[in-house]
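User: I have a structure to go through with you. Could you explain the reasoning behind the terms you use for it?
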Amino acid sequence: MSISYLANHNPGPKDLNGDYDAAIIGCGVSGANIARRLSAYTIKTAILEKAADVSFGTSKANSGIVHGGFHHNKKYLKAKLEIQGNLMFDQLRRELDFPFKRCGIIVAALHEDEMKSVEQLYVQGVENGVIGIELCSRERILELEPKLSQDTVGGLYAPGGGMVEPYRFVFALVESAMKNGVHLYTDFKVTAARREGDLWTVHAEDGRTIKARYVINAAGLYADEVSKIFGGEEFTIKARKGEYFLMDRLTKACPGRVVFPVPTAVSKGMLVIPTVEGTVLVGPTADAIDDKTDYSTTADQLEQIFDSGKTMIPSLSRNDVITSFAGIRPILEEDFYIEPSKKAPAFVQVAGIQSPGLTASPAVGEYVKDLLKGMGLNLTEKPGWDPFVEDRPKTRELSPYDLDKLIAKESAWGNIVCRCEHVSEAEIVQAVRLGHQTLDGVKYFTRAQMGRCQGGFCTYKIIKIIMRETGLSWKEVTKHGGASRLLEAQL
Ligand SMILES: Cc1cc2nc3c(=O)[nH]c(=O)nc-3n(C[C@H](O)[C@H](O)[C@H](O)COP(=O)(O)OP(=O)(O)OC[C@H]3O[C@@H](n4cnc5c(N)ncnc54)[C@H](O)[C@@H]3O)c2cc1C
């Protein structure tokens with residue numbers, strides 16, 4: 001089948017692979033964009049990720065919105081990077097294989113007194129240079145989105161906003177970076193670091209080490225701990241949870257654009273989001289929590305989400321809910337903290353990357369590349385850098401004619417493993433051979449287990465394919481690595 005870009009991503013203990021010029025700690029959307037950007041130069045770059053796969057942190061559970069550039073004042077770095085990042089998505093989509101759609105964003109005001117805030121957002125958008133932003137009358141906003149409540153009094157429209165599948169975006173970036181020579185080490189939890197001469201020695205919990213001249217801290221919720229390990233600035237990343245409802249793709253309440261309420265002081269509010277793959281998200285909440293691993297959802301919060309969504313899109317129905325989940329924002333200050341450390345040498349902080357971190361991430365890659373250059377990293381363009389990752393066929397998108405052609409070559413294309421999302425055995429095998437060897441990795445790469453039955457029918461089939469392709473025993477197959485084993489022997 002296809003190339004194996006992650007298959008050797010976990011070299012054995014003590015495999016140093018020589019010295020690296022740059023080591024990136026954390027492979028969410030920030031680390032992945034930095035890695036891909038650096039892959040265009042003749043330097044040696046490594047990514048160190050503590051999870052079993054990439055995009056298993058905050059980058060896996062968020063709203064997936066490419067924001068429109070009007071929510072934040074341009075005095076903030078995050079506002080500048082949001083605008084720049086937004087504009088970079090079309091080129092990235094031409095080069096890489098990930099779902100992205102510029103469906104536009106609406107802010108709906110349900111009371112006359114909310115129109116004042118909408119006008120302020122409009123002015124901010126204009127000052128930020130948002131292309132095509134419109135202040136809308138009731139008629140115009142209902143024309144743009146007929147599923148909105150008839151109580152809507154007006155709103156805002158930003159045509160350049162969009163949707164992206166965040167994990168597929170990270171997978172594509174990492175595949176591209178690795179194709180261009182970047183090394184990825186997963187299950188590599190950085191626990192210690194030592195500086196000798198102009199080199200950092202970075203230690204993982206399991207005893208592996210690598211050496212690098214420059215280190216980038218893109219560790220998300222744990223950037224505070226990583227900074228401490230390197231003797232960098234002391235700060236605290238706080239966690240703010242956001243809970244969601246996921247609605248089936250057959251829901252009648254799917255809007256054509258992302259629908260925002262008028263924002264509050266702490267969050268952009270609870271939204272109705274038509275995901276790029278056809279399902280609908282409602283949420284997120286915004287609640288400070290102490291435990292950075294608490295991804296639980298609660299009935300109370302979900303009630304609140306539903307009520308809030310229904311005020312904007314009245315046709316939302318509980319019958320269409322297929323699951324709930326939560327994501328956790330890494331909160332530092334109002335703005336992103338992206339700077340060379342003043343305390344730790346050759347160490348760059350990429351911390352506090354809360355929303356709009358996904359939107360801004362391509363620009364974060366560019367910004368960090370420039371910081372590293374300013375810090376003395378010699379960046380010479382790599383001859384033969386290849387920006388392209390091929391689009392892989394997806395059964396659910398193929399015409400019967402094209403599917404037949406694939407089945408004639410390989411019968412696994414005709415064996416539908418996930419009936420809800422229409423994913424074939426061939427696509428599961430491809431994911432596993434690319435290195436996504438946990439159930440969640442397969443889910444994020446293929447969408448199998450993401451549909452109406454939430455894996456009820458296909459999980460055991462996927463486990464069997466993982467076992468067949470990897471040689472893992474049933475006791476070793478995990479949901480997301482570590483101790484998350486699914487099947488235990490009965491005592
Ligand atoms: C509810 C919610 C909704 C959001 N919606 C949007 C949106 O619609 N649009 C938008 O633009 N942004 C959105 N965001 C923000 C966006 O998701 C984040 O800004 C972005 O995902 C942060 O990416 P990151 O790479 O910085 O962090 P992460 O994705 O968390 O990556 C950090 C990585 O570091 C790894 N790591 C941690 N410690 C170590 C260690 N010691 N050693 C090795 N690796 C380590 C982690 O395992 C993780 O993979 C949302 C966030 C949330 C929570």
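User: What makes the approach of glycine 357 to the ligand a polar contact?

Analyst: Happy to go through it, and please keep in mind that this is a predicted model. A backbone N or O atom of glycine 357 lies 3.5 Å from an oxygen atom of the ligand. A polar contact is a pair of N or O atoms within 3.5 Å, so this pair counts. Leucine 358 also brings a backbone N or O atom to a ligand oxygen, at 3.1 Å, and threonine 58 does so at 3.0 Å. The protein buries 97% of the 1000 Å² that the ligand exposes when taken alone.

User: Which parts of the chain supply the shell around the ligand?

Analyst: Helix 1 (29–38), strand 18 (321–331) and helix 8 (357–374) each give at least two residues to that shell. In total, 36 residues surround the ligand, and the closest are Ser30, Glu49, Ser59, Ile353 and Thr359.

User: Why is the pair of phenylalanine 245 and phenylalanine 306 called edge-to-face?

Analyst: Two values decide that. The ring centres are 5.8 Å apart, and pairing asks for centres within 6.5 Å, so the two rings pair. Their planes stand at 90 degrees, and over 60 counts as edge-to-face, so the name follows. The pair links distant parts of the chain: phenylalanine 245 belongs to strand 13 (residues 238–247) and phenylalanine 306 to helix 7 (residues 299–312), 61 residues apart. Both phenylalanines, 245 and 306, are buried. The structure holds 15 aromatic pairs, and Phe89, Phe98, Phe100 and Phe169 form one aromatic cluster.

User: How do you know that lysine 50 sits over the ring of tyrosine 222?

Analyst: The test needs NZ of Lys within 6 Å of the ring centre and within 35 degrees of the ring normal. The charged end of lysine 50 is 3.7 Å from the centre of the tyrosine 222 ring and sits over that ring. Lysine 78 likewise lies over the face of tyrosine 76, at 5.7 Å from the ring centre.

User: Why is helix 11 described as largely enclosed?

Analyst: Eight of the eight residues of helix 11 (residues 439–446) are buried, so the rest of the structure largely encloses this helix. Buried here means under 20% relative accessible area, and Leu439, Lys443 and Phe445 are among the residues in that class.

User: What covers the buried residues of helix 11?

Analyst: The cover includes helix 5 (166–179), strand 22 (423–424), helix 10 (425–433) and helix 12 (459–470). Just after helix 11, arginine 447 takes a positive phi of about 80 degrees.

Note on methods. Residues are numbered from 1 along each chain as its sequence is written. This is a predicted model: local features need pLDDT of at least 70, side-chain atom pairs count only at pLDDT 80 or more; totals for chains, interfaces and linings use all residues. Side-chain values use heavy atoms; hydrogens and water are left out. Buried means under 20% relative accessible area, exposed over 50%, partly exposed in between (1.4 Å probe, protein chains only). Helices (H or I, at least four residues) and strands (E, at least two) are DSSP runs, numbered from the N terminus. Contact means heavy atoms within 4.5 Å. Rings of Phe, Tyr and Trp (its six-membered ring) pair if their centres lie within 6.5 Å; planes under 30 degrees apart count as stacked, over 60 as edge-to-face and the rest as tilted. A residue is near a molecule or strand if one of its heavy atoms lies within 4 Å of it. A polar contact is a pair of N or O atoms within 3.5 Å; within protein, one must be able to donate a hydrogen and the other to accept it, and residues adjacent in sequence count only if both atoms are side-chain atoms. Accessible areas come from the Shrake-Rupley method with a 1.4 Å probe; for residues, only the protein chains shown count as cover.
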